[in-house]
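Visitor: I would like a close look at one part of this model, please. Could you walk me through it?

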Amino acid sequence: MNSLRRRLILLLVASIVGVVGLATAAVLSVRGGGPPPELTMPWVAQQMELVVRLLPGPISSILQVQLSDHPAGGKVDRPETAMLNDILSRRGLDVLAVVSDKGDDPGQLASVQLPDNRWAIIEVPHVKPPRREWLVLAGWISLIVAGATAVSVYFTAVLIRPLEMLEAAVSKIGSDGVLAAVPEVGSAEVKATAHALNQLSSRLRTAMESRMRLVAAAGHDLRTPMTRMRLRAEFIEEDRDKWLHDLDELDRIADSAIRLVREEVDQDAVEPVDLEKTVRDIGAEMVSLGHAVSIGHLDKVSVRAGALGLRRALRNLIVNAATHGKGCEVSLSATDGQAVLTIADSGPGIPGELLSKAFEPFFRVDPARRQSVPGAGLGLAIAKEIIERYGGSITLENRPGGGLSQKVIFAAVST
C-alpha cells in the first residue's frame, strides 16, 4: 500500500509541476527577450527630441531627465545606439546619442548630447526579465513542488482510503475466515466499500456456520445407524470382526469430523503457555500409552496460545509421527525470538509431490494403510487449524537420512 501511495504522489506531483513548468517556459520564451528595439527606440527618440527642443525648462522634471557632463556609464549597446541615432537623424536632430547598459542593474540608459555640451540621460523602459531569472524560476518551481506535494498527499490519501480499508479488513480475518466489522463512516466511496465488506463478512459467517452445522449434524447422525449396525453385527457369525472393524473406522471418522468443527467453534483463551513443560508432559503421556516417543533437548520458552488447543495439536502431531513414523524424537529450541519445535520420525516419509497435500482432511499417503493403521486422516488438519489460529506455522520436510520432520514455529514471549 505504501508503494502505491508513493507512486500516486509522484505521479500527481510530476503532472502538476510538468504542466506549470511547461506553461512557465512558454511564457518566458515569449517574454524572455523583451520587445525588440524597433519598438522601444522610437519612443526613446521621441523623448530625446522633447528634451533637446525644450531644455532648459520644466519638461526636464516631468520626463525625469538627468543632466550630466558625460554620458551614462556602462557597456554601450552598439546596434541600439546606431538605431537611435538613425531615428533622431530622420527626425531632423543633428545630435549624438548613446544607449548603454546600467551595469549591475537590469535595464538601459539613453544619453543624448545637448547644444551646451551637457548630456541628458533618459531611462529606457525595462521589460526584460531579471538577470537572475533562473534563480527566480527555481524559487517559483520550488513553490509549485511544495504546493503540489501537499495537494497530492491529501488527494492520494482520499483515493487509497478504500484500499487501505480492504487491506485492514483482510489483515483482521479471524481463524473462522470471517472479516471483522468495518465502521460505515466517511465519504460515499468509503461507506460503500465498508458496506460491501460487512455484507461479505455476513455471508462468509453464514456459510461457515452452515458448513459447521452440516458436518456436525452428519457426524451425529452417522452414530445412530452405526449403533444399530453394531448391534446387528453381534448376531452375524461370518466376518463379524471385519464388520466391527469397519464400524470402528466409521466411528473414528465421525468423531474426528465433530472434533474438527469444535476446534473452529470452541476456542479457548489465549495466554502465555510454557511450551517446554507442555512438550515434556505430552511426551510422558505418549510413553505411558506405549508410543515410541523420545524427548531431546528442550529450551525453556513460552508462547501465546490456548493451553488446551495447543496441547491437542501437539499431541496429534506426536501421535502421527509415532504411529506412522515408527517412533519419533521431539526437540525444542528458542532462537531469534522464535520457539521452534521439531518432531523427527524414522518412517518412510512422504513423497515430495504429496507434501503440500498432507494437511488436507482424510489424507493418506497410501490408501491401503487405512485398514492397518487406526485414524481418520484428520489429525494433521486439526493440528494445522489450531497452530495457525494462534499465529504459528507448521511445515513438513523429508529428512536426508530418511523419515519425516514436522517443524512448528511460534513467536516466543517473555514470561
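Visitor: Is the crossing in which α8 passes α9 left-handed or right-handed?

Guide: Happy to help! This is a predicted model, in which local features need pLDDT of at least 70 and side-chain atom pairs pLDDT 80 or more, while totals for chains, interfaces and linings use all residues. Residues are numbered from 1 along each chain as its sequence is written, and side-chain values use heavy atoms, without hydrogens or water.

The crossing of α8 over α9 is right-handed (the near helix is turned clockwise from the far one by less than a right angle). Helix α8 covers residues 275-288 and helix α9 residues 307-324; helices here are DSSP runs of H or I, at least four residues, numbered from the N terminus. Their axes, lines fitted to C-alpha atoms over the stretch in contact, come within 10 Å and cross at roughly 50°. The two helices are therefore oblique to each other (neither under 35 degrees, over 145, nor 65 to 115).

Elsewhere, helix α5 (residues 133-171) is worth a look too: with 4 residues, α5 gives the most to a nonpolar surface patch. That patch is formed by Ile16, Val151, Tyr154, Phe155 and Val158, with about 440 Å² of accessible area together (Shrake-Rupley, 1.4 Å probe). Patch members have over 30% relative accessible area and no salt bridge, and nonpolar side chains are joined within 5 Å; a salt bridge puts a Lys or Arg side-chain nitrogen within 4 Å of an Asp or Glu carboxyl oxygen.

Within α5, Tyr154 counts as exposed because its relative accessibility is 53%, whereas Val151, also in α5, is partly exposed at 39% (exposed is over 50%, buried under 20%, partly exposed in between). Val151 and Leu12 are 139 residues apart in sequence, yet their C-alpha atoms are 8.6 Å apart in space.

Methods
Patch = residues over 30% accessible without salt bridge, like charges linked within 9 Å, V, L, I, M, F, W, Y side chains within 5 Å. Buried < 20%, exposed > 50% of the residue type's maximum accessible area, 1.4 Å probe, protein only. Axes fitted to C-alpha atoms, helices over the stretch in contact; angles between N-to-C directions.
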